[in-house]
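Work through the exercises below with the sequence and the 3D structure at hand. Try each task before reading its solution.

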Amino acid sequence: MSSFAPITLQPALTCAVLLTASNLFMTFAWYGHLKHLQAQPWWIAALISWFIALFEYLLQVPANRIGFTALSLAQLKIMQEVITLTVFIPFAVVYMDQPVKLDYVWAGLCLMGAVYFIFRN
């Protein structure tokens, strides 16, 4: 029996929720310093980003372990990419004040194609 037993009744859903939370941390680690730490040396931004990324890994590693009980490696990767774009677009538009672009729609459609091909039987 898995050490994650109580939360693995729906492993794909649990994986998606954990990967979404981990992606929030990772997006802030990768891009948050561009808004708040421009006046600081790059190494300070890197240290702060590494600290934030620690929490990303604390969620991402169990997410992938749980997800791998029900999904293939390729399915895990495509799920991660869809979640990444789903988290990144609101982050870019709302938090980083970037304009909404039609390219986001095209990228999303490409990912939907990837989801179709990787999850079809």
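**Exercise 1: rings around Tyr-95**

Tyr-95 is partly exposed, with a relative accessible area of 24%. Buried means under 20% relative accessible area, exposed over 50%, and partly exposed in between (1.4 Å probe, protein chains only). The model is predicted: local features need pLDDT of at least 70, side-chain atom pairs count only at pLDDT 80 or more, and totals for chains, interfaces and linings use all residues. Residues are numbered from 1 along each chain as its sequence is written, and side-chain values use heavy atoms, with hydrogens and water left out.

Task: classify the aromatic pair of Phe-91 and Tyr-95, and find what charged end sits over the ring of Tyr-95.

Solution. Start with the rule. Rings of Phe, Tyr and Trp (its six-membered ring) pair if their centres lie within 6.5 Å; planes under 30 degrees apart are stacked, over 60 edge-to-face, the rest tilted. Next, take the partner: Phe-91 is buried, at 7% relative accessible area. Phe-91 and Tyr-95 lie 5.2 Å centre to centre with 25 degrees between the planes, a stacked pair. They are four residues apart in helix H3, so about one helical turn separates them. Helices are DSSP runs (H or I, at least four residues), numbered from the N terminus. Last, the charge: the charged end of Lys-35 sits over the Tyr-95 ring, 4.5 Å from its centre. The test is NZ of Lys or CZ of Arg within 6 Å of the ring centre and within 35 degrees of the ring normal.

**Exercise 2: a pair between helices**

Task: how many aromatic pairs does the structure hold, and what type is the pair of Phe-28 and Phe-91?

Solution. The structure holds eight aromatic pairs. In one of them, the ring centres of Phe-28 and Phe-91 are 4.9 Å apart and the planes stand at 80 degrees, so the pair is edge-to-face. Now place the residues. Phe-28 is in helix H1 (residues 11–36) and Phe-91 in helix H3 (residues 73–95), so the pair links distant parts of the chain, 63 residues apart. Then check exposure: Phe-28 is partly exposed, at 33% relative accessible area.

**Exercise 3: a cluster**

Task: which residues do ring pairs link into a cluster with Phe-51?

Solution. Ring pairs join Phe-25 and Phe-55 with Phe-51 in a cluster.

Note on methods: Helix = DSSP H or I, 4+ residues; strand = E, 2+ residues; numbered from the N terminus.
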